[in-house]
Amino acid sequence: MNTLDIQQLRLRLPGTARPVLDGVDLTVAAEETVALVGESGSGKTLTSRSVLRLLPKGATAQGSVLVEGEDVLAMTPARLRRLRTHTAAMIFQDPRAAINPLRRIGDFLTESLRLDGGTDAADADRRAGSMLEAVGLTGGVLRQYPDRLSGGMLQRVMIAAALMGDPALILADEPTTALDVTTQAEVVALLGDLQRRFGTGLLFVTHDLGLAAAISDRVYVMYAGQIAETGPADTLFNRPRHPYTAALLASTPRLDAPRSDLGPDAPRGSGSGGRFAARLAAIEGQPPSLREALAGCPFAPRCRYATAVCTEELPEQLPVAGDPVHRVACHHSDQVAGGEPR
Ligand SMILES: Nc1ncnc2c1ncn2[C@@H]1O[C@H](COP(=O)(O)OP(=O)(O)OP(=O)(O)O)[C@@H](O)[C@H]1O
């Protein structure tokens with residue numbers, strides 16, 4: 001059984017002309033690290049929030065979102081509370097926005113276990129101390145208020161909070177965006193270590209394909225609320241078959257490329273992960289607005305490979321020959337071989 005199994009998730013928001021998520025299939029196996037990648041607005045956050053049924057007001061969801069075999073979309077409020085405390089936990093982009101500034105770190109960490117009622121206060125405190133140690137902080141932090149801690153320390157606190165209920169699945173939504181470059185790399189390394197040590201599944205949401213490929217087993221590339229391509233991280237990074245993945249990749253410096261290949265204008269700095277050294281350059285054109293209905297492939301207006309069929313027919317997601325895990329939704333995937341057309 002997969003830890004997370006999303007099937008045909010379709011999410012509609014009020015006042016929009018098309019579903020904001022449209023037929024999303026995504027799985028995370030036990031102890032697997034999976035990355036969800038795409039430009040801003042593609043639907044990554046809504047997908048990860050759907051796993052905890054944290055949906056915008058007025059949103060309607062169809063399909064199924066199974067966590068440890070149970071459908072989150074059909075859960076009672078009480079079951080949903082237990083899910084959020086013990087089964088799946090989320091680490092948000094900005095820890096300062098997620099942690100109450102008026103309460104001590106110890107209270108923040110133990111709150112959900114205490115409210116859940118199953119753990120006594122002394123046990124919850126002990127667990128908070130050991131989770132702080134696991135994320136590289138000392139027990140003294142328990143008595144501190146959030147404003148005494150740096151952004152990197154607070155994100156470690158968020159990670160400790162996520163581990164408090166011994167979850168099977170951690171959802172990390174751009175967890176390093178609000179941090180400086182050195183701290184970003186530390187937090188990413190820490191998440192990987194903890195994922196292995198505690199044996200959780202990890203869904204890592206990022207706009208950075210290089211970072212995704214570096215830390216995950218498998219990657220999903222999302223465009224306009226649909227999965228454009230999915231497969232093993234190595235395969236997507238080295239042999240993408242969707243023009244959108246190839247375009248993302250073309251704007252990501254390669255680990256194996258000599259610095260001179262990147263040209264004098266190559267972005268410096270170490271991006272979110274440190275190893276792959278840049279932000280994504282913008283891909284020409286804009287993703288479709290939620291106010292327009294879609295006919296055909298959503299990427300067609302920006303795609304160099306597009307032909308008439310692309311604007312008329314939505315491409316089906318199909319396995320790439322020779323690799324059942326690698327799937328792509330593109331009419332011309334055979335023409336895409338490892339990069340942008342010359
Ligand atoms: N509460 C909301 N009400 C209305 N529209 C929303 C709401 N939340 C998200 N959207 C819209 O849904 C789309 C997908 O948003 P989402 O936040 O999932 O994208 P994302 O890929 O995570 O982007 P980012 O990287 O910027 O967070 C966007 O067009 C966004 O404007």
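**Close-up 1. Helix H5 passes helix H6 in a right-handed crossing.** In this predicted model, the axes of H5, which spans residues 121–134, and of H6, which spans residues 151–163, come within 9 Å and cross at roughly 130 degrees. Angles over 145 degrees count as roughly antiparallel and those from 65 to 115 degrees as roughly perpendicular, and H5 and H6 are therefore oblique to each other. From H5, the residues that make the contact are Arg 127, Met 131 and Leu 132, while H6 contributes Val 157, Ala 160 and Leu 163. Sorted by class, this contact of H5 with H6 holds five nonpolar residues and one charged residue, with no polar residues.

**Close-up 2. Helix H4 and helix H6 also meet in a right-handed crossing.** The axes of H4, made of residues 105–116, and of H6 come within 9 Å and cross at roughly 25 degrees. Because angles under 35 degrees count as roughly parallel, H4 is described as roughly parallel to H6. On the side of H4, the residues to look for are Ile 105, Phe 108 and Leu 109, and these meet Leu 154, Val 157, Met 158, Ala 160 and Ala 161 in H6. The contact of H4 with H6 divides into eight nonpolar residues, with no polar and no charged ones. A reader who compares the two views will find Val 157 and Ala 160 of H6 in the contact with H5 and again in the contact with H4.

**Close-up 3. The ligand has 14 residues around it.** Among these residues, Ser 40, Gly 41, Lys 44, Thr 45 and Leu 46 are the ones that come nearest to the ligand.

**Close-up 4. Backbone atoms of Gly 41, Ser 42 and Gly 43 lie close to oxygen atoms of the ligand.** For Gly 41, which is also listed with the residues that come nearest to the ligand, a backbone N or O atom lies 2.7 Å from an oxygen atom of the ligand. For Ser 42, the distance between a backbone N or O atom and an oxygen atom of the ligand is 3.1 Å. Gly 43 likewise has a polar backbone atom placed 3.0 Å from an oxygen atom of the ligand.

Conventions:
Residues numbered from 1 in each chain as written. Predicted model: local features only at pLDDT ≥ 70, side-chain atom pairs only at ≥ 80, totals over all residues. Heavy atoms only, no water. Axes fitted to C-alpha atoms, helices over the stretch in contact; angles between N-to-C directions. Helix = DSSP H or I, 4+ residues; strand = E, 2+ residues; numbered from the N terminus. Left-handed = near helix turned anticlockwise from the far one by under 90°. Contact = heavy atoms within 4.5 Å. Nonpolar A, V, L, I, M, F, W, Y, C, P; charged D, E, K, R; others polar. Near = heavy atom within 4 Å. Polar contact = N/O pair within 3.5 Å; in protein donor to acceptor, adjacent residues only side chain to side chain.
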